[in-house]
Amino acid sequence: MSFQEVFYRPVFGRVLTIVTIVVCALGIVGLFWSDPAAALRYVWPIILVAVVAWALFWRPSLRVQEHGITVENVLRTHFVPWPSIVAIDTRYSLTLHTAEGRVQVWAAPSPGRHRTLGLAPKDFDGVSGSARGESGGLRPADAMSVPTGNLAQLIRGHWERLRDAGAFASGVDPEASTVTWHWATIVVVAALAAATTIGLLV
């Protein structure tokens, strides 16, 4: 069964990150230009804002692969093999329900009301039956015309094909799913937060 890998990182997040980092860089240059001594105290919160913006808006991504799904969030990266998936939900964000728990995809939050006001029935054409809740309805975030719904359908489609082909008959390997903490990011943010506090109080 052929499969084409898909990588997703929202454009808005990348643009927001670049703008934030550019503004922070200009602020740092301005600080050192006007008062180098004070800059050593007040530069840390600016750097902290840039790092947090990168972690929140640039890092989150989704990679749909032949053997599973890699979800990179702010502080952790999850690898979810296809057999581990129980359901795919879009209530608050694209979420993978597994036997071990839920994995939310930060890169694919559910769209706001302004984005879903103009949806029509044709926007839901092709949505899998497994997307329907207990009442048989679909959420606006399931629409094929919004990123969350498009990605959810991509995952549902491949997951259903594997399921129907009996690929999950051998069960789930409990060690196949992995979680990797982003310790470098955690340490850097903590250090910058501490430096910011010291710089503002001393």
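Helices (at least four residues) and strands (at least two) are taken here as DSSP runs, numbered from the N terminus. On that basis, the predicted model holds five helices and eight strands. Read from the N terminus on, the elements follow the order β-α-α-β-β-β-β-β-β-α-α-β-α. Of the 202 residues in the protein, 36% are buried. Among contacts with a separation of 6 or more, 60% join residues that lie 24 or more positions apart. The accessible surface of the protein amounts to about 11,700 Å², and carbon and sulfur atoms contribute 64% of this area.

A good place to begin a tour of the fold is the sheet. Five strands make up an open sheet with antiparallel pairing, in the order β1-β2-β3-β4-β8. The edge positions are taken by β1 and β8 (178-181); each has a single partner strand, so one side of each has no neighbour in the sheet. On average, and with direction ignored, neighbouring strands of this sheet are turned by 10° against each other. At the β8 edge, the partner is strand β4 (residues 76-81), and the two pair in the antiparallel sense over four bridges. Within this pairing, Arg 76 is found opposite Trp 181 of β8. A helix accompanies the sheet as well: α4, spanning residues 147-164, lies across β1, β2 and β3 and runs at about 25° to β2.

Attention then turns to charged side chains. Side chains of opposite charge can pair when their charged atoms come close. With a cut-off of 4 Å between a side-chain nitrogen of Lys or Arg and a carboxyl oxygen of Asp or Glu, the model contains three salt bridges. One of them joins Arg 63 and Glu 5, whose closest N and O atoms are 2.9 Å apart. This pair links distant parts of the chain, with Arg 63 in strand β2 (residues 61-64) and Glu 5 in the segment before β1 (6-8), 58 residues apart. Both partners fall in the partly exposed class, Arg 63 because its relative accessibility is 29% and Glu 5 because its value is 45%.

Another salt bridge is formed by Arg 59 and Glu 72, with 3.3 Å between the closest N and O atoms. Arg 59 belongs to the loop between α2 (36-58) and β2, while Glu 72 belongs to strand β3 (residues 68-72), so this salt bridge ties together parts 13 residues apart in sequence. How accessible are the two partners, Arg 59 and Glu 72? Arg 59 has a relative accessible area of 12% and is therefore buried, whereas Glu 72, at 22% relative accessibility, counts as partly exposed. The remaining case brings together the side chains of Arg 163 and Asp 164, at 3.2 Å from N to O. Here Asp 164 is exposed, with a relative accessible area of 60%, and Arg 163 is partly exposed, at 37%.

The surface also offers a nonpolar feature. Val 11, Val 15, Val 19 and Val 23 form a nonpolar patch there, and together they present about 340 Å² of accessible area. One of these residues, Val 23, is part of helix α1, which covers residues 11-34. The relative accessible area of Val 23 is 52%, and since exposed means over 50%, Val 23 is classed as exposed.

Definitions and conventions
Residues are numbered from 1 along each chain as its sequence is written. This is a predicted model: local features need pLDDT of at least 70, side-chain atom pairs count only at pLDDT 80 or more; totals for chains, interfaces and linings use all residues. Side-chain values use heavy atoms; hydrogens and water are left out. Buried means under 20% relative accessible area, exposed over 50%, partly exposed in between (1.4 Å probe, protein chains only). Two strands pair if DSSP finds at least two bridges between them. Axes are lines fitted to C-alpha atoms, for helices over the stretch in contact, and angles run from 0 to 180 degrees between N-to-C directions. Contact means heavy atoms within 4.5 Å. Accessible areas come from the Shrake-Rupley method with a 1.4 Å probe; for residues, only the protein chains shown count as cover. Patches are made of residues with over 30% relative accessible area and no salt bridge: like charges are joined within 9 Å, nonpolar side chains (Val, Leu, Ile, Met, Phe, Trp, Tyr) within 5 Å.
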